[in-house]
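Trainee: I would like to look closely at one part of this structure and understand how its aromatic rings are arranged. Could you take me through it slowly?

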Amino acid sequence: MVSEESQLLVSTAHEAIYNRFAPGQKRLIVFHVSLMGLLSFFVEAAFVPSIPQIAKDLDLTHAVVSLAFSLTIFANAIGGLVWTAYASFYGRRSIYLWGMPFLCVGSCGLALCTSLQGLLFWRFVQTFGCAGAFSVGIGVIGDIYKLEERGTATGIFIAVTLLGNAIAPFLRGAATQYWSWRNFRYCIGTWGLLEMLLVYLSLPETSHPSTLGIDKLTRRRLIHITWVNPLGSLWLLRSPNLFAVMFAAALVYISNYVLLVPMAYTIGVRYGIKDETIIGACFLPSGLGSFTGALVAGRLSDIVVRRWRGKRRGGCLWSPLSIWASGLITTYIGSPIGLPLNILCIYANGVGTDLVLSPINFYNADMMHSRSAEATAAYKASKSLILSVVTALIIPSIERIGVAWMNTLAAVLAVIGQGVIFLIICYGDRMRASVDVGFLTMENN
């Protein structure tokens, strides 16, 4: 049995597997997968600031259009499971190449849609195409970096991907205000096409030799299509540890969604902001905060691994405090003081959220190294399913109970999530011993 406090690393011949790529090649690979992750987050985050314009263009209510964002989260969950399952059989590189056509076609379809049904369908296709980028990217980094080096690389990957949360709403708001939300979708489709070309020309396959399902076939056709159960990775959540970190992450991340999804109807209305560009700019502090939190968490992660092998420390109270304060400020403090204070809360929430979520991503990747992409996909999909339901309820709940009470409820959920994390830190060894789903050992790190 391997305890939470035990040394999980030893110098073995297994480390030679990480010397297949030179340091320069590894940095280039991280660059490639980070761009793919950036595109994925960009597609998700770019939708929210355009909700008012889409509602006006399609003659729909804001609450109805916000359902498309909930569908985005659901598509991320389903797509992540599908692409990650097939990445374990066909390889990481192949999945990147197969996913981008869905993104490109979905982007063009979204730009041409004229009804709610078309909006929902093409939004699902677009998001489905890039849904595996994050989970597969985590798997790629696990393929090429040893455990004590993985935190920094993963932190950089997460930080770059989260730049999408920072810049997408601003660019999307500017495009909606001064150009067209439809033309912006064509731009995203073009970006996806360029990414596919870049991957095809310069991204190598990183999976460890003889570990892919297709490598184990005795007979192969030129075009070999195999059914892989996309829900199989969800069975990993029978581990109390993996289920608990997923549930904690969902509770903490709700605070981020409660702040950002209704921003045009909370901060925008309260402070008289009608320009989509300015609304989009209000998202920048959250993305920059997440960028900061991911980098700090990544660096601290490697330090912790070197000093206390197997430990993962995560959690802070910035997330619940910031969203609670934002609700009170929005309700009781007007311009000109209220808006800057809200911007500060949004930044603090971004930092606090990623100081919690980034160590969870590292934990999943480190504890399930050989199946890190599948563990990440199961975690991300389950979290996304919870968030997709919550997101659909945010605007109606604010209309019913108000901003202050909604933010207070989100803060309470975030505190509960922090409590779950501390329970894992205290009792993780016993939880892990109860159900072994193939955790990291000395021989397979």
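Mentor: What follows is a walk through the aromatic rings around one pair of helices, with a second helix pair of rings set beside it for contrast. Please keep in mind that this is a predicted model.

Let us begin with the whole count, which is 15 aromatic pairs in the structure. One of them joins phenylalanine 102 and phenylalanine 128, whose ring centres are 5.6 Å apart and whose planes meet at 65°, and because planes over 60 degrees apart count as edge-to-face, that is the name this pair receives. The two partners come from distant parts of the chain, since phenylalanine 102 belongs to helix α4 (residues 92-112) while phenylalanine 128 belongs to helix α5, 26 residues apart. Their surroundings can be described too: phenylalanine 102 is partly exposed, with a relative accessible area of 36%, whereas phenylalanine 128, at 14%, is buried. Nor does this pair stand by itself, for ring pairs link Phe102 and Phe128 with Phe74, Trp83 and Phe124 into a cluster.

Beside phenylalanine 128 in the sequence you will find glycine 129, which is also part of helix α5 (residues 116-130). With a relative accessibility of 5%, glycine 129 counts as buried. If we leave aside its neighbours within four places in sequence, glycine 129 is in contact with Trp83, Gly99, Met100, Phe102 and Leu103, and two of these names, Trp83 and Phe102, are ones you have already met in the ring cluster. The C-alpha atom of glycine 129 is also separated by 7.0 Å from that of proline 101, although the two residues are 28 apart along the chain.

Now set a second pair beside the one we began with. Phenylalanine 243 and phenylalanine 247 have rings 6.4 Å apart from centre to centre with 5° between the planes, and this pair is stacked. Here both partners lie in helix α9, four residues apart, which is about one turn of the helix. In general, an α-helix has 3.6 residues a turn, so residues three or four places apart point the same way. Both rings belong to partly exposed residues, phenylalanine 243 having a relative accessible area of 43% and phenylalanine 247 one of 35%, even though helix α9 is mostly covered, with 18 of its 21 residues buried. That helix, residues 240-260, reaches 31 Å from its first C-alpha to its last, close to the 30 Å expected at 1.5 Å a residue.

Definitions and conventions: Residues are numbered from 1 along each chain as its sequence is written. This is a predicted model: local features need pLDDT of at least 70, side-chain atom pairs count only at pLDDT 80 or more; totals for chains, interfaces and linings use all residues. Side-chain values use heavy atoms; hydrogens and water are left out. Helices (H or I, at least four residues) and strands (E, at least two) are DSSP runs, numbered from the N terminus. The expected span of a helix is 1.5 Å times one less than its number of residues. Buried means under 20% relative accessible area, exposed over 50%, partly exposed in between (1.4 Å probe, protein chains only). Contact means heavy atoms within 4.5 Å. Rings of Phe, Tyr and Trp (its six-membered ring) pair if their centres lie within 6.5 Å; planes under 30 degrees apart count as stacked, over 60 as edge-to-face and the rest as tilted.
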